[in-house]
Every structure is written in C-alpha cells, then in structure tokens.
Amino acid sequence: STGEVLIRGKGNKERRLPLTPKIVQALDAYRPVRRKILEIRKRKDEPALFISEKRGTRLTRRGAELIIEEIAKESGIKYNFNVSPHKLRHTAATILYNDGEADLLAISELLGHKDPSTSKIYTKVNREKLRNVIQSNPLEGI
C-alpha cells in the first residue's frame, strides 16, 4: 500500500481511501501545478488539494463538473452523453462489481455509504456473472 487519503464528501462525510501507485504518480505530477497556481494567485494557505485555476481556492463541485465536461469533449465522447462526476462514480462502482473485483460491502465502503443496501443502485446484475455463479454452485452435483 502507498498510503491513503482523507476524502470529505457530500454532507461533510469523511472517509479514508487507499492510494494506488498510479494515483500517487498523478498527485506527484499535480503538486507543482498546484504550487504554481497558488503562487500566481498569491495564496499560501489553501488546505484543499484540488484548487481552482482561476482563484486558487478549493475546487467547487461545479468546477469539477466543468473539468470533466471539458475532458469529455476533448476526448471525443459525445457531449449529449452528459458525463458527470456522479456518472463516473457510478461507472467505476459498476465495473468493480461486474468484474468481480469488489463485492457489495467493499463498494459500499469505497463510496462511503453507511448502509450497504444503498450501494445496490450502483450495481446492475451482470447476467454472465450470474450464470457463472449458478454453474459453479458446489451444491449442483448433489
């Protein structure tokens, strides 16, 4: 493990998430950019990691949405697809679940849900996975 990060989300909820080597690498690349923004904006004490390029203050929810929309446009994703932080979160949780990398409890923890049943909205039953579970049932041979 390469450490963890404290995330403060909606409703001021806090949770700790593990950092992967790729995330650490991306953060290391971002730090000089962040320092330069703070220097240009003459700000020294902004505690937030992600900051607005225009103001040098904490990146707002809408600011994050605009960055994601811009990246989606530049990457050729159809804009009417309506890419958003929420959709990225949903997609990541669904992929982790469907690929068998994470169970519902792990996804619940990752998303910061107090009740694992809340995470069910992020998972869709993968028919292929369901078929494999049924076929590999140890009771099948009885």
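Confidence in this chain is highest in helix α1, at a mean pLDDT of 94, and lowest in helix α5 (residues 127-135), at 68. The model is predicted. Across the chain the pLDDT averages 82, and 85% of the residues score at least 70. The points below cover the overall layout, helix α2 and the salt bridges.

**Overall layout**

- The chain contains 2 strands and 5 helices. Read from the N terminus, the order of these elements is β-β-α-α-α-α-α.
- Of the 142 residues in the chain, 21% are buried.
- The chain exposes about 11300 Å², and carbon and sulfur atoms supply 56% of that area.
- Among contacts in the chain with a separation of 6 or more, 19% are between residues 24 or more positions apart.

**Helix α2**

- Helix α2 has 15 residues and covers residues 61-75. From its first C-alpha to its last it reaches 21 Å, which is close to the 21 Å expected at 1.5 Å a residue.
- The buried residues of α2 are G63, I68, E69 and A72. Helix α3 (85-98) is included in what covers them.
- G76 comes just after α2 and takes a positive phi of about 90°.

**Salt bridges: the count and the pair in α1**

- The salt-bridge count comes to 7.
- One of the salt bridges joins the side chains of R31 and D28, with an N to O distance of 2.4 Å.
- R31 and D28 are 3 residues apart in helix α1 (residues 21-40), so about one helical turn separates them.
- An α-helix has 3.6 residues a turn, and therefore residues three or four places apart point the same way.
- R31 is partly exposed, because its relative accessibility of 40% falls between the 20% and 50% cut-offs. D28 is also partly exposed, with a relative accessible area of 41%.

**Salt bridges: the network in α2**

- Salt bridges link R61, R62, E65 and E69 in a network.
- Within this network, the side chains of E65 and R61 form a salt bridge at 3.9 Å, N to O. That distance counts because the rule accepts a nitrogen within 4 Å of a carboxyl oxygen.
- E65 and R61 lie 4 residues apart in helix α2, about one turn of the helix.
- R61 is exposed, because its relative accessible area of 65% is over the 50% cut-off. E65, at 21% relative accessibility, counts as partly exposed.
- E69 and R62 form another salt bridge, and their closest N and O atoms are 3.3 Å apart.
- E69 is buried, because its relative accessibility of 16% is under the 20% cut-off. Its partner R62 is partly exposed, at 41%.
- E69 therefore appears in two descriptions of α2: as one of the buried residues of the helix, and as a member of the salt-bridge network, linked with R61, R62 and E65.

Note on methods
Residues are numbered from 1 along each chain as its sequence is written. This is a predicted model: local features need pLDDT of at least 70, side-chain atom pairs count only at pLDDT 80 or more; totals for chains, interfaces and linings use all residues. Side-chain values use heavy atoms; hydrogens and water are left out. Buried means under 20% relative accessible area, exposed over 50%, partly exposed in between (1.4 Å probe, protein chains only). Contact means heavy atoms within 4.5 Å. Accessible areas come from the Shrake-Rupley method with a 1.4 Å probe; for residues, only the protein chains shown count as cover. The expected span of a helix is 1.5 Å times one less than its number of residues. pLDDT is the predictor's confidence in each residue, from 0 to 100.
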